[in-house]
Amino acid sequence: MDINEGLPVLDSHRDLHIWIIENLKMLPVPEAAYGVFFEEHCYIILHVSQSPKSAQEGPRDLHYWIGMKACEEAQGTAGAFVQRLQEALGDQVVQHQEAQGHESDCFHSYFHPGVIYRKGGPASDLRHIETNMYNIQRLLHIRGRKHVSATEVELSWNSFNKGDIFLLDLGKVMILWNGPETSLSEKSRGLALACSLRDRERGGRAQIGVVDDEVKATNLMQIMEAVLGCRGGSLHTATPEKRITQLQKASVRLYHIYERGKDLVIQELATCPLTQDLLQEEECYILDQGGFKIYVWLGNVSSPQEKKAAFSRAAGFIKAKGYPICTNVEVVHDGAESVAFKQLFRTWSKELSWKKRGGKDKPIQIKLDVSKLHSQPELAARLRMVDDGSGKVEVWCIQDLGRQPVNPKDHGRLCSGNCYLVLYTYLKLGRVQYILYLWQGNQATKDEIKALNSNAEELDLMYQRALVQEHVTMGSEPPHFLTIFQGHLVVFQGSPGVNEKGHPAPATRLFHVQGTESHNTRTLEVPARSSSLSSSDIFLLVTADACYLWFGKGCNGDQREMARSVFTVFSRNNKETVLEGQEPPSFWEALGGRAPYPSSKRLREDVSSFQPRLFECSSEMGSLVLTEVVFFSQEDLDKYDIMLLDTWQEIFIWLGEAAGEWKKEVVVWGREYLKTHPAGRSPATPIVLVKQGHEPPTFTGWFFTWDPYKWMGPQDSSEKQLELGLSRSTGTVSTSTGTSSSDGSSCTAVSGSLPREQLMHQAAEDLPRGVDPARKEFYLSDSDFQDIFGKSKEEFYSMAKWKQQQEKKKLGFF
């Protein structure tokens, strides 16, 4: 497409569109070549989500990618095309400027199992990838944890190091060399990338060999030395990747940017925590997050000139601040902000956005219907309820650093000076499931908190690591925790029999009843004085002679009904209901006399409209490092991973079964994440520890689809070989180890052509030995494959992964 011609027609059935800038033209990249980028060129990437969940909420993403050796003319042409596309698509587009090697997490999330950087430019016919291309010699340097990249480097031993993975691609043979300091996770992801290359570029026909131990892999080393020559000297240490920690991301500054005559004025407005009302619809702002990412926000009535100048203003700001020119830039429009941008603010209300644009709609309120929780995990996730609370409940109090069982009649009666373990047992899909709540009183000592965690660990071992652990702070209990006590949770100040100062419990006690239903009601003891009252709420006053239920003028019928239910928990004979303004003298005498208290109606809490975000967790010099997976699915959870799912009201930390490194640090990481979050998050936000294979619906409901049986089957044999370091043969090439990729593809010893009857509609256990259940179609003969699928293997493997899965399901190969 020429810059003066019309814009390309978009395929509405595809979520990803990529164009390359070649000879000042914008030309489509073949789908089979998605994820391959040539360093001398610029690319334009448009993502339009096809997910029903994000189609209504998420904006489109338009990326402008600059190769490290791209000329200024190509960059200018790409910029002009991006501007035209943005104008055609409207303000619902988030624009990104990406530099090679410094791309955003959003960019990397499109490409599984990784991005490949190639030298030079593609062939003149722009095929990018030539299927069945065997006459090739190249070396790829593979790096990265969750987001993997492979860079073409010099074909020499000098390119190698101890800490990374290298792929020597010789056309018919691909040799994956694992550095001696690489982890199992890195090896698995390196092999996934090699398998992807084999399938896309060679139609699945190339042989892959893996060098995990040079001494054992003599045949492969001979091939490598024949190409690279004999290696002289020892390997050097890998250069550490520069990774941004959460502490660095915590610094945010908002600037108002405008023109005064011919001068551009940049005025600092605020630092974190930022509030949404700082953004005015007629203005333009720059938000600087720690110098590693720059956001440009454009109000919905900002001028066309300001919109066109967004990237140039960001470039001027970056230059003025002395930041690297490769600093990531994101341009967002009023009402179409990205999730990452919105979460830099203390709260973000859709209602406020609607009001600013003159809207009259109100946010949809989700009502509790416990009968649908098991059939609709997305509802369970939104409501934070695994079920109706009718399962088995066991409670222990932490005393003398041990756990003491609590009598069932006292369940729900907790003390602020103590810590408790609450074990909830329920059934899900016919399997027994567990949630262990670790409840921490706000006056508990450090020793008691430490004992709480150690006792939880003991229980987890007793239940064979099957417990979902949720850390709960007094006053911030999640709905399900409140539900298992039927809304009768009562928290007393201090410890049993004493108050918070260690003195005997007083005869007169005042309790604040908050809530309208069993899943949101808690009763907390407050100082027994008149100033503790509030006209919006309900209070229980307990004296030696009577028990008063006090209704403030601003409370509603649901509050009163729930309070009457709580009233029955207190076993006093003389119970009396009192309305505000009609109190007997004895009521005020018990509180030490009248005193002023809040009488205005409490404002409704602002409910933030944040979407969930998924991150991979790791550590850099003792500091938390998070890598976001933007368009996440269950496939992004790898057994080697530690993942953090932020739903705003809760923090889930998911532990893969092989995630040994840093496993003991995960709860500390959750707290560090909350502490360093730019929005000023509450440290009392519940932290839920979830283990692979034991996910509750409050976790799985945040995923578009979830297969509960995915991790129940036997481990793939090739995975076992990787972990045990066994040798095996891959076709004619000897390997030291074999493994499977994180997306289920694997390198296998069986080659095609098995009869279709042995493969179609067959369960994994009924397949011939050596057949990978995830790639049954690969073992068909070429003629059978063409007859069944209506295309060649090369054409099939060049399709998007989701399209492959659809056809396999339809034809009985899934």
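How many aromatic pairs does the structure hold? The count is 44. Before turning to them, note that this is a predicted model.

Start with the overall make-up. The protein has 814 residues, and 54% of them are buried. Its secondary structure comprises 21 helices and 36 strands. Sequence-distant contacts feature strongly: of the contacts between residues at least 6 apart in sequence, 65% join residues at least 24 apart. The accessible surface is about 36700 Å², with 49% belonging to carbon and sulfur atoms.

Now look at one sheet. It is open, with 10 strands in the order 19-18-21-22-23-34-33-32-30-31. The pairing is mixed. Strand 19 (402–405) and strand 31 (623–629) each have a single partner strand, so they stand at the edges with one side lacking a neighbour in the sheet. Neighbouring strands are turned against each other by 25 degrees on average, direction ignored.

Within this sheet, follow strand 21 (residues 419–428) into strand 22 (residues 431–440). The two run antiparallel and are joined by 10 bridges. One residue pair to locate is tyrosine 426 and its bridge partner in strand 22, glutamine 433. Helix 12 (residues 446–462) packs on the sheet. Strands 18, 19, 21, 22, 23 and 34 are touched by this helix. The direction of helix 12 makes about 30 degrees with that of strand 21.

Back to the aromatic pairs. Take phenylalanine 37 and tryptophan 65. Their ring centres are 5.0 Å apart and their planes stand at 35 degrees, so the pair is tilted; a plane angle under 30 degrees would count as stacked, and one over 60 as edge-to-face. Phenylalanine 37 sits in strand 3 (residues 36–38) and tryptophan 65 in strand 5 (residues 60–66). The pair thus links distant parts of the chain, 28 residues apart. Both residues are buried.

These two residues also belong to an aromatic cluster. Its other members are Tyr43, Phe107, Tyr110, Phe111, Tyr117 and Phe631.

Another pair joins phenylalanine 699 and phenylalanine 703. Here the centres lie 5.3 Å apart and the planes make 50 degrees, so this pair is tilted too. Phenylalanine 699 and phenylalanine 703 are both buried.

Rings also meet charged side chains. Lysine 575 lies over the face of phenylalanine 567, at 5.4 Å from the ring centre. Arginine 775 takes such a place over phenylalanine 778, at 4.4 Å from the ring centre.

Notes
Residues are numbered from 1 along each chain as its sequence is written. This is a predicted model: local features need pLDDT of at least 70, side-chain atom pairs count only at pLDDT 80 or more; totals for chains, interfaces and linings use all residues. Side-chain values use heavy atoms; hydrogens and water are left out. Two strands pair if DSSP finds at least two bridges between them. Helices (H or I, at least four residues) and strands (E, at least two) are DSSP runs, numbered from the N terminus. Axes are lines fitted to C-alpha atoms, for helices over the stretch in contact, and angles run from 0 to 180 degrees between N-to-C directions. Contact means heavy atoms within 4.5 Å. Rings of Phe, Tyr and Trp (its six-membered ring) pair if their centres lie within 6.5 Å; planes under 30 degrees apart count as stacked, over 60 as edge-to-face and the rest as tilted. Buried means under 20% relative accessible area, exposed over 50%, partly exposed in between (1.4 Å probe, protein chains only). A charge sits over a ring if NZ of Lys or CZ of Arg is within 6 Å of the ring centre and within 35 degrees of the ring normal. Accessible areas come from the Shrake-Rupley method with a 1.4 Å probe; for residues, only the protein chains shown count as cover.
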